[in-house]
Every structure is written in structure tokens, then in C-alpha cells.
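Please look at the sequence and the three-dimensional structure shown here before reading on. The report below takes up a few local features, one at a time.

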Amino acid sequence: MKKLFVKTYGCQMNAYDSAKMADLLAPLGYATTDVPDGADMVILNTCHIREKAAEKVYSELGRLKTLKADKAKSGGRMLLAVAGCVAQAEGAEIVARQPAVDLVVGPQSYHRLPEMIARAFLTVQEGCDKFCTFCVVPYTRGSEHSRTPEAILREARQLADKGAREIVLLGQNVNAYESNGWSLAKLCAGLAEIEGIARIRYTTSHPRDMGDDLIAAHGGNAKLMPYLHLPVQSGSDTVLEAMNRGHGGDDYRRLIARIRNQRPDIALTSDFIVGFPGESDADFEATLQLVRDIGYATAFSFKYSKRPGTPASTMRKQISEDVKAARLAVLQKLLLEQQYAFDDSQIGKRLPVLFEKVAREPGQIMGRTPYLQPVHVQADAAWIGQVAEVQIERRTANSLHGALVQGQSA
Ligand code: SF4
């Protein structure tokens, strides 16, 4: 079950509506919880009667943004929704002021909530046996464990029945998935047969678990999106060994070459840690070289920070904060250049876009390309939850923009 936290402000009517929303989301696998920490979805059901009601909602959203970021760091996803009278009154302003908000739903649209969750997140695997020296997951989440394919396929069918068009398979080490002889590739093949599911993604993966059949699936399973988050953390063999990653920089390069051989247009993303204990200038340069060699669509990069109880936290030769910050700035500049280059390469193309939500500008909706890039389009909200062809016209800092190809109906 996924955890749903609903915070209700104001009158009895709102309490009634909160219960109604929980009922609507129950068929999608959501069960209510008493705390927002770790929830898969948080709804603030707001009230506009009291003075400064909107400001209270914004400050609460600020706190929730942090919880959402924490969840993302551990490979999970928290959907953040604002409902009720503040949603009605402030509308798109909410997303403009707090971009972490995924959904804004007025009191007249609660029944559409399930459709609004066009993308469903399905946990298939938990735990990790890898023991990277910087990471607490193997200690906190225990060893790798996979859910049965029967349970996953059943849940996916229910989600598809309720309008989910995209399934995102989640796991700390999702490509280590194994249950009753089923690999992740076989699971993706099973999901591809479910009517209504148009897109499949999975996250987060480890390079050591990219099996031959999963690589082949990127060429053969048309519903498996051309997008892969495959963290490498560093390009230096010395650092990778100290991290206990179990592969070197060239192993990763060869792996990417095999994946691109199957799916040349695949969008690659990664995680990087800069300033791992002992990281020299030459080690850092090796990371930059790996980034140049691979070419990422986007990536997440962080300064190394000690996690209590992990081997790296007591390693000698910890790197100073100044050096970490300087290296991070250099890496992020390079990654941003690559992101813009990748986004620019889509301009002029016609791409299928799955629409997810109403955007900030009036009359605008937001969706995702197969490569997970956000796209903004002037179009009717009836497109939300559907895939449509979009002619990509331009890029702004964080999004592509385009126009619906004529002749399609929502
Ligand atoms: S693979 Fe490494 S970084 Fe990922 S969860 Fe396991 S120990 Fe942590």
C-alpha cells in the first residue's frame, strides 16, 4: 500500500471532502497515514476563511518540500497536492510560488484526482546488498527484497483501470529485481501487455545489475521509455574502489555503449558525489572526463556529506568544504551545458507527450516527453492523463515548449 497523508484545514465540509478524496484514492492503492514523513502523497485540503490562510499553506508547503526532497534522495517519490478553497482561489499561483507542488485541485474537481495521477509509482523492490561506503540504505532498509510479479501485475492492472498511463517501478536497487525467476526485464514485458499502460520507467539502478535481458529490453520493449537513471557517482577508479561500487570508469563506459547500441537515443542521467574522502584533483578530472565521454541528459550532483555509521564517514583525508563547493560548481556547469544541449536537440521534433498537470500560465498544461523532459503546451486540461503528439518549438531554462499537432482529440 502507498501512504496518503491528508491535512485538513477549516470547516466540517472540508473534513468530509478529505475523507472523499481518501476514498477516491484507495483504489489506486493509497491508505491514509497520520504523518507526512515518508508519505507517497500529501494533500493539503485548504480553507480560505481565516486570515492569512494562504500564507499558512505556503509555509507548510515549504516544510513538505524538504520531506519530498528527502524521499527523492532515497529513491522514492512524494506527490504533493493542494486542494480546497485556497487551491480554488490561488490556482496556478500556487505552482508558481512553490514548484514542488504536483497537483492543484479545486473543490469542483476532486473526482478527477485519480486521473490527475497520470503517472503511478509502484514499489517493486526494497533494500540493498551493495554496501557503498557512503550510504546508509543497506543498514536502514536491510537486504534486497523483491515483491512477487503476481502482486505487481495485479496492482498495475488496477492502476491502469483507474487511469494511470505511466508506471514507474521503484526500488533502491530496482534492476536487482528478482522474484520466482522473474527479472526486471521480464516484469517490464509483463507490464507492457497491460492495456492502458503506455509508458514504463524504472529507478534507481546500479551499473552492476544491468543484465543482458534488461539491456535488450531497451531495444525491444516499445513501452520501456528511452530514459535511464544509472548512477556512477565518480569517474575515478580509485574513488569508485573506495566507494565499493564494484566497477571502474571504463566498465561503466562499456556498459553505456552496449545500452546505446540497443537504444541510441536513450536519455542518460546519473548521480555524482564530489569531494569523497581522498578525492584528488586528478580523480575529479576523471569524473569530468567521464561526463564528457558519456553526455548526460540531466544529472544530480552533490557534495559528499558524512552519514553516521558508514565506513566513509571515518575515512582519513576528508575534503574541505571549499574544495567540495568549487568542484561541485565546475561539475554542475558542465552537466547543465549537457542538459541544454540535450534539450535543444529535441527542438523541431514531434514527440509524444504524456500530460500530467495544469501549468502555471493560464490555459497551459504540462507533460513529459519519452525522455522525461517537461513540456509546456497551450491546450485544454482534458488532455491531462493522455499522450498526444507535440511539435517541440523552443526551450526555456527548465522546460521545453511546443504546440499540439493538429487533428488529435482529447
Ligand atoms: S547501491 Fe550503494 S548507493 Fe545505492 S542504495 Fe545500495 S549502498 Fe546505497
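What follows describes one strand, then the aromatic rings, and then two charged side chains placed over rings.

## A predicted model and an enclosed strand

The structure is a predicted model, and a good place to begin is strand β12, which spans residues 199–203. Five of the five residues in this strand are buried, so β12 is largely enclosed by the rest of the structure. Arg 199, Arg 201 and Thr 203 point one way from the strand, while Ile 200 and Tyr 202 point the other way, and all of them are buried.

Strand β12 also has a partner, since strand β9, made of residues 166–170, runs parallel to it and is joined to it by five bridges. Within this pairing, Val 168 has Arg 201 of β12 as its bridge partner, and Arg 201 is one of the residues that point the same way as Arg 199 and Thr 203.

## Aromatic rings that meet

A pair of aromatic rings is described by the distance of the centres and the angle of the planes. A search of the whole structure finds five aromatic pairs. One of them is formed by Phe 276 and Tyr 304, whose centres are 5.4 Å apart and whose planes make an angle of 75°, an edge-to-face arrangement. This pair links distant parts of the chain, for Phe 276 belongs to the loop between β14 and α12, whereas Tyr 304 belongs to the loop between β15 and α13, and the two are 28 residues apart. Phe 276 counts as buried because its relative accessibility is 0%, and Tyr 304, with a relative accessible area of 2%, is buried too.

A further pair is that of Phe 342 and Tyr 371, which is edge-to-face because the ring centres lie 5.6 Å apart and the planes stand at 85°. Phe 342 lies in helix α13 and Tyr 371 in the loop between β17 and β18, so the pair ties together parts that are 29 residues apart in sequence. Phe 342 counts as buried at 16% relative accessibility, and Tyr 371 counts as buried at 11%. Returning to Phe 276 and Tyr 304, these two residues form one aromatic cluster together with Phe 134.

## Charges over rings

Which rings have a charged end sitting over them? The charged end of Lys 2 sits over the ring of Tyr 30, at 4.9 Å from the ring's centre. In the other case described here, the ring is that of Tyr 58, and the charged end of Arg 97 sits over it, 3.7 Å from its centre.

Note on methods. Residues are numbered from 1 along each chain as its sequence is written. This is a predicted model: local features need pLDDT of at least 70, side-chain atom pairs count only at pLDDT 80 or more; totals for chains, interfaces and linings use all residues. Side-chain values use heavy atoms; hydrogens and water are left out. Buried means under 20% relative accessible area, exposed over 50%, partly exposed in between (1.4 Å probe, protein chains only). Helices (H or I, at least four residues) and strands (E, at least two) are DSSP runs, numbered from the N terminus. Two strands pair if DSSP finds at least two bridges between them. Rings of Phe, Tyr and Trp (its six-membered ring) pair if their centres lie within 6.5 Å; planes under 30 degrees apart count as stacked, over 60 as edge-to-face and the rest as tilted. A charge sits over a ring if NZ of Lys or CZ of Arg is within 6 Å of the ring centre and within 35 degrees of the ring normal.
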